[in-house]
Amino acid sequence: GEKAGNGHAEGPAAERQQQREGDGGGCRGFLRRNLLVLLTVSGVLAGVALGAAVRGLSLGPARISYLAFPGELLLRMLRMVILPLVVCSLVSGAASLDTRSLGRLGGIAIAYFLGTTLLASALAVTLGFIVRPGAGASALNAPELGLPGAVPTSKETVDSFLDLVRNLFPANLVAAAFRTYATEYKRLPRNTSSGNVTWEKIPVGTEIEGMNILGLVVFALVLGVALKKLGQEGEDLIRFFNSFNEATMVLVSWIMWYVPIGIMFLVGSKIVEMEDIVLLVTSLGKYIFASILGHFIHGGIILPLIYFAATRQNPYRFLLGLITPLATAFATCSSSATLPSMIKCIEENNGVDKRISRFILPIGATVNMDGAAIFQCMAAVFIAQLNNVDLNPGQIFTILVTATASSVGAAGVPAGGVLTIAIILEAIGLPTNDLSLILAVDWIVDRTTTVVNVEGDALGAGILNYLNEKANKEKEQELKEVNIETVANKSEEETSPLVTHKNPVSNTPSTAVDPESKESVL
């Protein structure tokens with residue numbers, strides 16, 4: 001009891017002392033806490049300055065690649081951590097949640113992901129009709145801008161959906177770590193009865209480079225649930241994945257200190273690399289403006305509003321803790337490369353439950369692509385306006401559905417969205433040869449795209465965390481009430497064993513009831 005008394009006496013004095021230190025040391029403490037954030041932001045700014053300075057030297061391509069080298073290292077390090085991080089965090093996340101709450105949280109997450117992506121697509125199409133980015137741009141042609149004419153061969157809509165489902169179930173787990181299944185087409189001659197030769201397009205399955213994250217996510221989730229089912233036997237493996245996960249997070253915390261340097265060179269080299277930027281902005285300025293405006297509205301207004309409606313907490317305060325991952329997203333253009341720092345920051349700065357963040361963020365990074373949906377719908381509307389095609393309601397509906405569905409399968413890599421735009425264009429029957437225009441400005445739009453993608457995942461994790469905490473509190477409340485009732489209704493020996501059994505069974509035995517239940521046994 002003495003210690004407690006001392007503590008109370010010390011309290012105010014200690015506080016006063018802290019305040020006195022605070023005037024001088026408050027700044028230091030703030031710097032120490034937010035050093036990484038400040039470094040990251042200054043890294044972006046330094047990168048812009050570096051790029052502007054070096055641009056005048058007119059470096060050759062080889063020299064530019066040397067300049068980009070430190071940034072490339074950052075990307076390689078982040079990509080290295082993705083595989084262990086996704087698999088281990090999902091296995092331990094799925095195993096640590098009990099099946100009922102797993103199902104409930106999973107359902108809410110899927111509803112949130114689909115809902116926000118649909119909202120994003122609808123917003124983009126609406127903006128596209130208001131701003132009309134492609135109206136005055138019909139005079140454009142690729143050669144003028146010095147763009148490659150070649151465009152990836154477009155897939156049939158059916159095939160791209162079948163590919164998505166095939167990738168959910170990888171045939172070989174090891175191969176899924178670096179390969180993805182994709183359909184390509186062979187052309188075979190076929191003689192008809194009249195003697196003419198017709199060429200037929202036949203789909204052929206091939207493997208392309210790139211991690212099949214979707215398949216790994218599904219496998220890890222199912223494995224986690226299975227280990228949970230095993231109970232006692234599965235615990236060793238769950239512990240293994242947990243510690244593997246913790247170790248990976250330590251690696252991430254080391255990599256995070258390299259982020260500012262890497263970002264500086266990534267941004268700098270990108271600025272040096274740019275071709276004639278004035279021509280790009282004058283010709284495609286409306287499209288760039290419309291896309292970034294869409295991202296701004298969705299990321300700055302709609303998503304925070306959804307978060308506020310669900311949790312009644314300040315969304316911007318929540319986002320302030322995530323400046324480092326958002327800056328990483330801006331510089332790397334890759335939502336999966338941002339995943340490591342996002343998991344770290346959302347747990348440390350925003351206090352999101354580990355089980356929630358590690359379960360939902362890896363899924364979000366692969367499935368939830370709000371920014372990409374905006375960018376794809378905008379591109380589709382833009383190309384339709386370029387070709388003077390008036391979209392009918394049926395086509396608009398097709399754009400919305402296809403963009404929402406294909407943003408699930410879009411790889412979390414830079415410029416992954418351009419292939420899915422080809423799918424959308426095929427679905428509404430527009431020529432894909434204007435894609436090179438979109439590729440030309442992709443590196444500008446892709447930055448805000450990735451920021452919105454990542455922000456959508458983070459706010460989703462925040463909402464789920466809040467709902468989960470609320471459900472747990474209600475459960476505890478119910479348990480207390482049950483315990484108190486059983487104590488109140490005690491009829492000597494009959495219910496008393498039940499009461500004593502009741503307490504050890506409940507995970508959180510309420511201490512207040514304990515002495516009473518003991519009395520009932522006596």
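**Salt bridges, a hairpin, a cavity and some rings**

A search of the whole structure turns up nine salt bridges. Before I go through some of them, a reminder that this is a predicted model.

I'll start with helix H6, which covers residues 157-168 and holds both Arg166 and Asp163. Their side chains meet in a salt bridge, with N to O at 2.8 Å. The two residues are three apart, about one turn of the helix. As for burial, Arg166 has 37% relative accessibility, so it counts as partly exposed. Asp163 has 2%, so it counts as buried.

Next is helix H14, residues 335-348. Lys344 and Glu348 both lie in this helix, four residues apart, again about one turn. They form a salt bridge whose closest N and O atoms are 2.6 Å apart. Which end of this pair is buried, and which is exposed? Lys344 is at 13% relative accessibility and therefore counts as buried. Glu348 is at 55% and therefore counts as exposed.

The next salt bridge pairs Arg358 with Glu347, and the closest N and O atoms are 2.8 Å apart. This pair links distant parts of the chain: Arg358 sits in helix H15, residues 354-367, while Glu347 sits in H14, and they are eleven residues apart. Both Arg358 and Glu347 are buried. They also belong to a network of salt bridges that links Glu246, Glu347, Lys354 and Arg358.

Now the strands. Strand E1, residues 179-191, and strand E2, residues 197-209, run antiparallel and are joined by 13 bridges. Asn191 stands opposite Val197 in E2. The hairpin of E1 and E2 has five residues between the strands, and in this hairpin Gly195 takes a positive phi near 95°.

On to empty space. How many cavities of 30 Å³ or more are there? The count comes to two. I'll describe the second largest, which has a volume of about 40 Å³. Its lining consists of Ser335, Thr338, Leu339, Met342, Leu361, Ala365, Val454 and Asp457. Three helices each supply at least two residues of that lining: H14, H15 and helix H19, residues 435-488. H14 gives the most, with four residues. By class, the lining residues of this second largest cavity divide into five nonpolar, two polar and one charged. So H14 comes up twice in this talk: it holds the Lys344 and Glu348 pair, and it contributes to the lining of the second largest cavity.

Last, the aromatic rings. The structure holds five aromatic pairs. In the pair of Phe240 and Phe244, the ring centres are 5.7 Å apart and the planes are at 75°, so the pair is edge-to-face. The two residues are four apart in helix H9, residues 235-256, and are therefore separated by about one helical turn. How exposed are they? Phe240, at 43% relative accessibility, counts as partly exposed. Phe244, at 36%, also counts as partly exposed. With Phe241, these two residues are linked by ring pairs into a cluster.

To go back over the salt bridges with the structure on screen: Arg166 with Asp163 is in H6, Lys344 with Glu348 is in H14, and Arg358 with Glu347 joins H15 to H14.

Notes: Residues are numbered from 1 along each chain as its sequence is written. This is a predicted model: local features need pLDDT of at least 70, side-chain atom pairs count only at pLDDT 80 or more; totals for chains, interfaces and linings use all residues. Side-chain values use heavy atoms; hydrogens and water are left out. A salt bridge is a side-chain nitrogen of Lys or Arg within 4 Å of a carboxyl oxygen of Asp or Glu. Buried means under 20% relative accessible area, exposed over 50%, partly exposed in between (1.4 Å probe, protein chains only). Two strands pair if DSSP finds at least two bridges between them. On a 1 Å grid over the protein atoms alone, a cavity is a set of points where a 1.4 Å probe fits but cannot get out, and a pocket is an open set with protein on both sides within 12 Å along at least five of seven lines; lining residues have an atom within 4 Å of a point. Grid points are joined across faces, edges and corners, and a volume is the space filled by probe spheres set on the points. Ala, Val, Leu, Ile, Met, Phe, Trp, Tyr, Cys and Pro count as nonpolar, Asp, Glu, Lys and Arg as charged, and the others, Gly among them, as polar. Rings of Phe, Tyr and Trp (its six-membered ring) pair if their centres lie within 6.5 Å; planes under 30 degrees apart count as stacked, over 60 as edge-to-face and the rest as tilted.
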